[in-house]
Each structure stands twice: as C-alpha cells, then as structure tokens.
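Here is a short structural report for use at the bench. Please look over the sequence and the model before reading on.

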Amino acid sequence: MIRLEPLTGRHDRNGFDCGVEVLNLWLKQTALQHQGKGVSRTFVAVPADEAAVQSWAQSGYAVEANGILGFYALSSAFVLIDDLPPKQARHYPRQIPVTRLGRLAIQADMQGQRLGQLLLADAVNRARAAAQAVGSAGLFVDAKNETAARFYQRYGFTSSTDQPLKLFLSLW
Ligand SMILES: CC(C)(COP(=O)(O)OP(=O)(O)OC[C@H]1O[C@@H](n2cnc3c(N)ncnc32)[C@H](O)[C@@H]1OP(=O)(O)O)[C@@H](O)C(=O)NCCC(=O)NCCS
C-alpha cells in the first residue's frame, strides 16, 4: 500500500501537515534545495498505486496519488563522543562519523498506524547500506523534544542522562 522513494518536485509538499510547523516548513522550503546541493537526502512515503489511494479514500483518508504520508531526511555528520551515551563513547575516537537522521514526520491524521516505525526501519536500512561504502558508526538524532525522544528509545536509540535529546543507534 505504501512506497518509499526519494523526494522529487512531483510530490505535493504543500499538502503535508504533521502538526509541527517547523517540520512542515522544512519539507516545503528546504528539503529539495538541500537535496540539490547534497546537504541531505529526503525520502517520502507515498501511496503505492491508485488502488491504495482508493482504499484510503474508502477508510476516510483524503490521500492524493502524489501526496506525502511521511518523510525523513539523512545526512552525514561528525559528532564528538561527548554527545554519545558514555557506554558507547568509550569504544570510539574523540570524533566520529555518523549518519544524521535530521527529520522524521508523519501526516497528522495518519499517525499511530506504524508509519513512523516503517520510515525509521527504512532509514536504518539505508544508513546501514551506505555505511558499507562510507564510514558511519551509527544513526544520530537530535530529537525535538522528550516525546519524540521516547519514540526513538523504543527502537534501541540511547542517550546520555545529561543530554536526553541526543540519541544514538550503533549500526555495527
Ligand atoms: C513521532 C512520529 C514520527 C511517530 O510516528 P507514528 O506513525 O505516529 O508512530 P507509529 O504508529 O509508527 O508508532 C510505533 C510505536 O511507537 C509508539 N510511539 C509513537 N510515538 C511515540 C512517542 N512519542 N513515544 C513513545 N512511543 C511512541 C506507538 O505507540 C507504537 O507502539 P506499539 O508498537 O506498541 O503500538 C509521529 O507521531 C510524528 O510525526 N510526530 C510529529 C513530528 C515529530 O515530532 N517528529 C519527531 C521529530 S524529532
């Protein structure tokens, strides 16, 4: 029912609303620009085909064929080991390459249907594949708030007690 693919100009960025305006605006105004410059790569969840659009319509969801159900963005970054949980930090040199999961958001009326879980799994898989070619110790997230941090913790991300919004998941 859902396809995950790189963001392009054909996707309807203006119709996306996850309830967090800064994330909506980033998708509308910045994601494609950054992608064009290699700053980040954005991946979107869209209806797999017309049958999926019809099926959602029958369930009361107004989803367009080019509508964005959710998105996330990945980029390369360096972090200091001070930003990692102490247990993990002791395995690494002072500064390490990571894959930064910059943003993850789901259309507001589609939240709670495991789409976030699906996109996070896709992000981990893409980061792991990329790390076979370019060094990356793990996925790193700067969570927006404690609620978002709890979502990542469910999937094995950990943080240090003094920096609970900086979360890390080893890829190795
Ligand atoms: C956070 C967000 C991405 C989660 O996506 P979602 O599709 O609603 O979540 P899912 O349905 O995939 O949830 C999967 C599991 O995580 C749990 N979960 C969801 N959000 C959670 C949270 N904030 N804290 C703890 N658990 C959470 C769900 O209960 C579910 O658990 P279950 O498997 O036991 O049923 C989504 O709510 C969202 O886009 N929020 C607004 C934007 C945002 O804050 N993004 C984070 C930026 S750092």
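## A parallel pair in the sheet

How many bridges join β4 to strand β5, and do the two run parallel or antiparallel? Two bridges link β4 to β5 (residues 138-142), and the two strands run parallel. This is a predicted model.

Two residue pairs place the strands against each other. T99 faces L139 in β5. R100 stands opposite F140, also in β5.

## Overall fold

The protein has five helices and seven strands. Along the sequence, the pattern reads β-α-β-α-β-α-β-α-β-α-β-β.

Does the radius of gyration agree or disagree with a compact globule? It agrees: a compact globule of 172 residues would come out near 16 Å, and the protein has 17 Å. The C-alpha atoms fill a box of roughly 50 × 30 × 25 Å along the principal axes. Of the 172 residues, 33% count as buried. Take the contacts with a separation of 6 or more: residues 24 or more positions apart account for 67% of them.

## The sheet

Seven strands form an open sheet in the order β1-β2-β3-β4-β5-β7-β6, and the pairing is mixed. Its edge strands are β1 (2-6) and β6 (158-160), each of which pairs on one side only. From one strand to the next, the twist averages 30°.

α4 packs on this sheet. The helix touches β1, β2 (41-47), β3 (70-80), β4 and β5. Its direction makes about 155° with that of β4.

## The antiparallel side

β2 and β3 run antiparallel and are joined by five bridges. A45 stands opposite G70 in β3.

β3 and β4 also run antiparallel, with 11 bridges between them. G70 appears again here, opposite I106 in β4. So what stands opposite S75 in β4? The partner of S75 is R100. R100 thus links the two sides of the account: it faces S75 of the preceding pairing and F140 in β5.

β4 is mostly covered, with nine of its 12 residues buried.

## The ligand shell

Which residues come nearest to the ligand? There are 21 residues around the ligand, and Q111, G116, Q117, A148 and R150 come nearest. By type, the shell divides into 10 nonpolar, seven polar and four charged residues.

Three elements each supply at least two residues of the shell: β4 (95-106), α4 (115-131) and α5 (146-154). α5 gives the most, with five residues. Two of these elements recur from the sheet: α4 packs on it, and β4 pairs with β5.

## Three basic residues to inspect

R114 lies in the loop between β4 and α4. Is R114 buried or exposed? R114 counts as exposed because it has 11 C-beta neighbours inside 10 Å, and the cut-off for exposed is 12 or fewer. Its backbone also deserves a look. Most residues other than glycine have a negative phi. Phi of R114 is near 70°, a positive value in a residue other than glycine.

R128 sits in helix α4. With 15 C-beta neighbours inside 10 Å, R128 counts as partly exposed. R128 and L139 are 11 residues apart in sequence, and their C-alpha atoms are 8.8 Å apart in space. L139 is the β5 residue that T99 stands opposite.

K144 is found in the loop between β5 and α5. K144 is partly exposed, because 15 other C-beta atoms lie within 10 Å. Which distance separates the C-alpha atoms of K144 and K166? The separation is 9.4 Å, although the two residues are 22 apart along the chain.

Note on methods
Residues are numbered from 1 along each chain as its sequence is written. This is a predicted model: local features need pLDDT of at least 70, side-chain atom pairs count only at pLDDT 80 or more; totals for chains, interfaces and linings use all residues. A residue is near a molecule or strand if its C-beta atom, placed from the backbone, lies within 6 Å of it. Helices (H or I, at least four residues) and strands (E, at least two) are DSSP runs, numbered from the N terminus. Ala, Val, Leu, Ile, Met, Phe, Trp, Tyr, Cys and Pro count as nonpolar, Asp, Glu, Lys and Arg as charged, and the others, Gly among them, as polar. Two strands pair if DSSP finds at least two bridges between them. Axes are lines fitted to C-alpha atoms, for helices over the stretch in contact, and angles run from 0 to 180 degrees between N-to-C directions. Two residues are in contact if their C-beta atoms, placed from the backbone, lie within 7 Å. The radius of gyration is taken over C-alpha atoms; the globule rule is 2.2 Å times the number of residues to the power 0.38. A residue is buried if 20 or more other C-beta atoms lie within 10 Å of its own, exposed if 12 or fewer, and partly exposed in between; C-beta atoms are placed from the backbone.
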